[in-house]
Amino acid sequence: MSDVLTQLGNILEERKHADSETSYVASLHEKGLNKILEKVGEEGVEVIIAAKDAQVSGNNKDLIYETADLWFHSLVMLSHLGERPESVIEELARRFDLSGLAEKASRTEK
């Protein structure tokens with residue numbers, strides 16, 4: 001799985017400086033962080049709607065599709081801010097030895 005994220009990270013970096021007339025990623029970067037965040041928010045809402053629909057229908061196809069869009073736009077956001085997908089993978093790996101409750105408590109202590 002991390003190979004796919006690494007490859008996607010490489011593609012996003014390449015397209016960051018591509019022609020915005022031919023690259024969706026470049027067009028997002030050109031429009032700036034607020035536009036990218038708008039897309040992340042829009043995709044987040046679509047994931048929520050798809051999850052609610054999936055619970056009723058029992059079909060997760062749209063949920064998977066919308067989650068992929070959310071992840072993609074989240075990775076564009078990270079790229080815009082100079083981060084790579086591996087940073088998130090490393091953070092998730094760091095949390096393996098933490099209970100969810102302990103991790104949450106550590107955030108409120110800061």
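How do the residues of the lining of the largest cavity divide into nonpolar, polar and charged? We will reach that spot at the third stop of this tour.

Before you start clicking, note that this is a predicted model, in which local features need pLDDT of at least 70, side-chain atom pairs count only at pLDDT 80 or more, and totals for chains, interfaces and linings use all residues. Residues are numbered from 1 along each chain as its sequence is written, and side-chain values use heavy atoms, with hydrogens and water left out.

**The whole chain**

Start with a cartoon view. You should find six helices and zero strands, in the order α-α-α-α-α-α along the sequence. Helices (H or I, at least four residues) and strands (E, at least two) are DSSP runs, numbered from the N terminus. Taken along the principal axes, the C-alpha atoms fill a box of roughly 45 × 40 × 30 Å.

**First stop: α1 against α4**

Select residues 2-16 for α1 and residues 61-80 for α4. These two helices pack at an angle of about 55 degrees, with their axes 10 Å apart. Axes here are lines fitted to C-alpha atoms, for helices over the stretch in contact, and angles run from 0 to 180 degrees between N-to-C directions. That angle makes α1 oblique to α4; angles under 35 degrees count as roughly parallel, over 145 as roughly antiparallel, 65 to 115 as roughly perpendicular and the rest as oblique. The crossing of α1 and α4 is right-handed, meaning that the near helix is turned clockwise from the far one by less than a right angle.

Now show side chains. On α1, pick Leu5, Leu8, Leu12, Glu13 and Lys16; on α4, pick Phe72, Leu75, Val76, Ser79 and His80. These residues make the contact, where contact means heavy atoms within 4.5 Å. They divide into six nonpolar, two polar and two charged. In this scheme Ala, Val, Leu, Ile, Met, Phe, Trp, Tyr, Cys and Pro count as nonpolar, Asp, Glu, Lys and Arg as charged, and the others, Gly among them, as polar.

**Second stop: α2 and its neighbours**

Keep α1 on screen and add α2, residues 24-31. The axes of α1 and α2 come within 8 Å and cross at roughly 60 degrees, which makes α1 oblique to α2. This crossing too has a hand to look for: α1 passes α2 in a right-handed crossing. Leu12, Arg15 and Lys16 of α1 meet Val25, Ala26 and His29 of α2.

Next, add α3, residues 33-57. Its axis and that of α2 come within 5 Å and cross at roughly 120 degrees, and α2 and α3 are therefore oblique to each other. Select Tyr24, Leu28, His29 and Lys31 of α2 with Lys35, Ile36 and Lys39 of α3 to see the contact. By class, it holds three nonpolar, one polar and three charged residues.

**Third stop: the cavity**

The structure holds one cavity of 30 Å³ or more. About 40 Å³ of space lies in the largest cavity. To frame it, select Gly9, Leu12, Glu13, Leu75, Leu78, Ser79, Glu83, Arg84 and Pro85. The elements giving two or more residues to this lining are α1 and α4. Here is the reply to the opening question: the lining has four nonpolar, two polar and three charged residues.

On a 1 Å grid over the protein atoms alone, a cavity is a set of points where a 1.4 Å probe fits but cannot get out, and a pocket is an open set with protein on both sides within 12 Å along at least five of seven lines; lining residues have an atom within 4 Å of a point. Grid points are joined across faces, edges and corners, and a volume is the space filled by probe spheres set on the points.

**Last stop: the pocket**

Finish at the largest pocket, which holds about 260 Å³ of space. Of its 10 lining residues, Leu5, Trp71, Val88, Ile89 and Leu92 lie nearest its centre. Both α4 and α5 (85-94) supply at least two residues of the lining. By class, the lining has nine nonpolar, one polar and no charged residues.
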